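Here are my notes from a look through this one. Have the structure open while you read, and go through the points in order.

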Amino acid sequence: MKEKLKKLLSLALKEIEAGSSLSTLKEIEVKFIGRKGKLTEILKGIKDLSEKEKPIIGQLANQYKNQIETAIADKTVEINKAEIEKALASESIDITIPGQKPELGHIHPLYQVQKEVEEIFNQMGFTVVDGPEIESEYYNFEGLNIPEDHPARDCQDTFFIKGKEDKKHKRLVLRTHTSPLQVRSMEKYGAPLRIIVPGRVFRYEATDASHDATFHQVEGMLIDKNISLAHLKGVMKEFLSRLFGKEVNVRFRPGYFPFVEPGVELDFSCLICLGAGCRVCKHTGWVEFMGAGMTHPNVLKAGGIDSKKYQGWAFGFGLTRLIMMRYAINDIRLLAGGDLRFTKQF
Ligand code: FA5
């Protein structure tokens, strides 16, 4: 029996030594020490041996089993190492070859300027707020003192959305300006209030070099005690001077918007000709910039603010047009056109 075991061990060790792959090693393991392996069979038969032989053969068989297991483990490490070395040799890396440069995108010029605008107003104590682009007719018009039959509605050709309608808010529209955030913010934050609202707005308009159907506006609103248009003039002069990095002057002209009384248009001094007159300012020395005015008492009321205690003003300018002026872009459609030859210049 001892001889038989010894032969089995040397046969197994020989086969392990000659094994050249992990799958061959697995086969050898099954053949000798698997559940029906040759050595396992011997171990199973130990119970039939004499009492004297049992411990001797049992010990020997277990010792040989351990030896076979160790030999298989050693050979596995050897084969793995050889395979890794082979792979490394064939997959060598030439670190002198220039790497692939990932193409980095950048922020669109519109949002670059929007961020600058937000920072300047932040510094002056204004909070940036945001609101829905799909708006209710109430916040877009009625709340702003523009009832259904008011002629001012004709100035903002509107996209209406089919379907939902309720008594107070009426139909849904694509907001035609950022002004709906006036009443929304007064309702939410009350007075005093200092906000700006940069955002996308939509009008059912034929497009040309200076009109698009989707464009960006920035709304501003300040509500507090003892507020006058002089504060608006000061804020806008400061804002534009910081934005353009040089002293800018502003002036008011009368203007009409149902949600302000009195209403004004604000112009700023032409930065191209410094007031001397050029094509950009149509030889007036002034560039038309935005609508504004003292918030109408009806709008304060819609926002839940007592107009006897508080006053305020609001303004709205076209961010898209501001950017066109800043970079001398002569067609508004270039900004949203998606042509990389254009956007990569900023
Ligand atoms: C308004 O939208 C008012 N909500 C502004 C306002 C706010 C007045 C608060 C008073 C108080 P208006 O329709 O004029 O006003 O538009 C404001 C600006 O949006 C314009 O000065 C212009 O710069 C820009 N704008 C208007 N229509 C277009 C268009 N189709 N494409 C690009 N920019 C436009």
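The points below cover the ligand site, a pocket and one helix residue.

1. First, a caveat: this is a predicted model. Please read every distance and area below with that in mind.

2. Start with the ligand. It has 24 residues around it, and the closest ones are His-177, Ser-179, Arg-203, Glu-205 and Asp-212. That is a good set of side chains to switch on in your viewer.

3. Next, the polar contacts. The side chain of Arg-203 puts an N or O atom 2.9 Å from a ligand oxygen. For Glu-205, the partner is a nitrogen atom of the ligand, 2.8 Å from an N or O atom in the side chain. Gln-217 joins in as well, with a polar side-chain atom 3.0 Å from an oxygen atom of the ligand.

4. How much of the ligand does the protein cover? On its own the ligand has 680 Å² of accessible area, and the protein covers 89% of that.

5. Which elements give two or more residues to the shell around the ligand? They are strand E6 (214-224), strand E9 (286-295) and strand E10 (311-318). E10 gives the most, with 4 residues.

6. As for the chemistry of that shell, the residues around the ligand split into 9 nonpolar, 10 polar and 5 charged.

7. Now for the second largest pocket, which has a volume of about 160 Å³. Its lining includes His-108, Leu-110, Tyr-111, Arg-200, Asp-212 and Thr-214. Also in the lining are Phe-215, His-216, Thr-320, Ile-332, Leu-335 and Ala-336. Note Asp-212 here: this pocket-lining residue is also listed among the closest to the ligand.

8. Where does that lining come from? Helix H5 (109-123), E6 and helix H11 (333-336) are the elements that give two or more residues to it. The largest share, 3 residues, is from E6. E6 is also one of the strands giving two or more residues to the ligand shell, so keep that strand in view for both sites. By class, the pocket lining has 6 nonpolar, 4 polar and 2 charged residues.

9. Last, a residue in a helix. Glu-27 sits in helix H2, which spans residues 22-33. Is Glu-27 buried or exposed? Its relative accessible area is 55%, so Glu-27 counts as exposed, the cut-off being over 50%. To place Glu-27 against another part of the chain, take Ile-16: the two are 11 residues apart along the chain, and their C-alpha atoms are separated by 10.0 Å.

Conventions:
Residues are numbered from 1 along each chain as its sequence is written. This is a predicted model: local features need pLDDT of at least 70, side-chain atom pairs count only at pLDDT 80 or more; totals for chains, interfaces and linings use all residues. Side-chain values use heavy atoms; hydrogens and water are left out. A residue is near a molecule or strand if one of its heavy atoms lies within 4 Å of it. A polar contact is a pair of N or O atoms within 3.5 Å; within protein, one must be able to donate a hydrogen and the other to accept it, and residues adjacent in sequence count only if both atoms are side-chain atoms. Accessible areas come from the Shrake-Rupley method with a 1.4 Å probe; for residues, only the protein chains shown count as cover. Ala, Val, Leu, Ile, Met, Phe, Trp, Tyr, Cys and Pro count as nonpolar, Asp, Glu, Lys and Arg as charged, and the others, Gly among them, as polar. Buried means under 20% relative accessible area, exposed over 50%, partly exposed in between (1.4 Å probe, protein chains only). On a 1 Å grid over the protein atoms alone, a cavity is a set of points where a 1.4 Å probe fits but cannot get out, and a pocket is an open set with protein on both sides within 12 Å along at least five of seven lines; lining residues have an atom within 4 Å of a point. Grid points are joined across faces, edges and corners, and a volume is the space filled by probe spheres set on the points.
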